[in-house]
Amino acid sequence: MKIRLISLILALALLSCPAHALEGEARRAADDLSALGLVQGTPEGYALDAGATRAQALALLARLAGLSTEGTALSYTDVPAWAAGSVSALSDAGYLEGIYAPPTLHSGEFITADEWSALLLRCLGYSYPKEGAQTAAVRLGVLSRAYTSPLSRADLFQMTRDALNAVPEGKEPLVQRLARQGICSSSAARELGLLDDAIT
C-alpha cells in the first residue's frame with residue numbers, strides 16, 4: 001500500500017513539473033519584456049493564463065517595430081481607443097496586410113500562433129503569409145518551439161522573448177535594433193543577457 005501511494009505521489013509530481021517549468025519560463029519572459037519597457041505589469045498583474053487578444057498583441061508589436069502611434073487614420077472600426085494608435089501605425093506600415101482585412105479587426109478575439117508568428121517575422125524583415133508562419137519561424141530559429149492556438153499572454157510573451165535574439169540574414173538582432181533606436185535601454189538588455197558587449 002505504501003509503495004502504491006509513493007508511486008502515485010511521484011507520478012503526480014512528474015506530471016506537474018512541466019507546467020511549473022513553463023509557468024516560470026513565461027514569468028521570466030514577461031519580467032524581461034517589462035524590464036525592457038515593452039510590456040507593462042507586475043508579476044501579479046501579467047495575467048499569464050488569460051488569452052492574448054489581437055489588440056494586446058498589436059500594441060506590443062507596435063513597440064517592437066518602433067512605430068510612432070500618434071495621429072494616423074484608423075482603417076478598422078472595432079479597435080479600442082487605447083490600441084487605435086498602434087493598430088493604425090501597423091496598418092500604415094503594411095504589417096497587417098494579408099493578415100487582417102479591414103474594416104473589422106475583431107480586436108477582442110484571441111490571436112493565433114500563426115498570426116503572431118507572421119507579425120513577428122514581418123517585424124524582423126521577413127515576408128511570410130499567415131498560413132504556416134509558425135513553422136517558418138521555428139525553422140528560421142525565431143521561435144524555440146511551436147505553440148498551440150489561441151495564444152495565452154504567457155505564450156505571447158515567450159514568443160516575443162524568443163524573437164528578441166533572432167538575427168535575420170544580414171541584419172542585427174531585434175534587441176540590438178531596439179536598443180540602438182532607444183526603444184529599450186542597452187544596459188537593461190545587457191543585464192538580462194540579451195546584448196553582448198562584443199555585439200554592441
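## A walk through an all-helix model

Pro150 is found in the loop between helix H5 (133-139) and H6, and this residue is a convenient place to enter the structure, which is a predicted model. The peptide bond that joins Ser149 to Pro150 is cis, with an omega of about -5 degrees. A second cis peptide bond runs from Pro102 to Pro103, where omega is near 15 degrees, and Pro103 belongs to the loop between H3 and H4. Most residues other than glycine have a negative phi, and most peptide bonds are trans, so both of these bonds deserve a careful look in the coordinates.

The overall architecture can be stated briefly. The protein contains 8 helices and 0 strands, and from the N terminus on its elements run α-α-α-α-α-α-α-α. Of the 200 residues in the protein, 42% are buried. Among contacts with a separation of 6 or more, 59% link residues that are 24 or more positions apart in the sequence.

The packing can be followed from H2 outwards, beginning with its partner H3. Helix H2 (residues 54-65) and helix H3 (residues 81-92) have axes 9 Å apart and pack at an angle of about 60 degrees. Since angles of 65 to 115 degrees count as roughly perpendicular and those under 35 degrees as roughly parallel, this value makes H2 oblique to H3. The crossing in which H2 passes H3 is left-handed. On the H2 side the meeting residues are Ala55, Gln56, Leu58, Ala59, Leu61 and Ala62, and on the H3 side they are Trp82, Ala83, Ser86, Val87 and Leu90. Sorted by class, this contact of H2 with H3 comprises 9 nonpolar and 2 polar residues, with no charged ones. An α-helix has 3.6 residues a turn, so residues three or four places apart point the same way; with that in mind, the reader can trace the H3 side of the contact through Ala83, Ser86, Val87 and Leu90, which are among the residues that meet H2.

H3 itself can be checked in two further respects. Its 12 residues should span 16 Å at 1.5 Å a residue, and the C-alpha atoms at its ends are 17 Å apart, which agrees with that expectation. Within H3, the residues Ala83, Gly85, Ser86, Val87, Ser88, Ala89 and Leu90 are buried, and H2 is included in what covers them. Just after H3, Gly94 takes a positive phi of about 85 degrees.

H2 also packs against H4. The axes of H2 and helix H4 (residues 113-123) come within 10 Å and cross at roughly 15 degrees, and the two helices are therefore roughly parallel to each other. Their crossing is right-handed, whereas H2 passes H3 in a left-handed one. From H2, the contact with H4 draws on Arg54, Ala57, Leu58, Leu60, Leu61, Leu64 and Ala65, and from H4 it draws on Glu115, Trp116, Leu119, Leu120 and Cys123. The residues of this contact of H2 with H4 divide into 10 nonpolar, no polar and 2 charged. Leu58 and Leu61 of H2 appear in the contact with H3 and again in the contact with H4.

From H4 the path leads on to H6. H4 and helix H6 (residues 153-164) have axes 11 Å apart and pack at an angle of about 25 degrees, which makes H4 roughly parallel to H6. H4 passes H6 in a right-handed crossing. Here Ala113, Trp116, Ser117 and Leu120 in H4 meet Leu156, Met159, Thr160 and Ala163 in H6, and by class the contact of H4 with H6 has 6 nonpolar, 2 polar and no charged residues. Trp116 and Leu120 of H4 meet H6 and also take part in the contact with H2.

Two loop residues remain to be inspected for their backbone angles. Ala47, in the loop between helix H1 (2-35) and H2, has a positive phi of about 50 degrees although it is not a glycine. With a relative accessibility of 41%, Ala47 counts as partly exposed. His106 is found in the loop between H3 and H4, and its phi is near 55 degrees, again a positive value in a residue other than glycine. His106 is likewise partly exposed, at a relative accessible area of 39%.

Note on methods: Residues are numbered from 1 along each chain as its sequence is written. This is a predicted model: local features need pLDDT of at least 70, side-chain atom pairs count only at pLDDT 80 or more; totals for chains, interfaces and linings use all residues. Side-chain values use heavy atoms; hydrogens and water are left out. Axes are lines fitted to C-alpha atoms, for helices over the stretch in contact, and angles run from 0 to 180 degrees between N-to-C directions. Helices (H or I, at least four residues) and strands (E, at least two) are DSSP runs, numbered from the N terminus. Angles under 35 degrees count as roughly parallel, over 145 as roughly antiparallel, 65 to 115 as roughly perpendicular and the rest as oblique. A crossing is left-handed if the near helix is turned anticlockwise from the far one by less than a right angle, and right-handed if clockwise. Contact means heavy atoms within 4.5 Å. Ala, Val, Leu, Ile, Met, Phe, Trp, Tyr, Cys and Pro count as nonpolar, Asp, Glu, Lys and Arg as charged, and the others, Gly among them, as polar. The expected span of a helix is 1.5 Å times one less than its number of residues. Buried means under 20% relative accessible area, exposed over 50%, partly exposed in between (1.4 Å probe, protein chains only).
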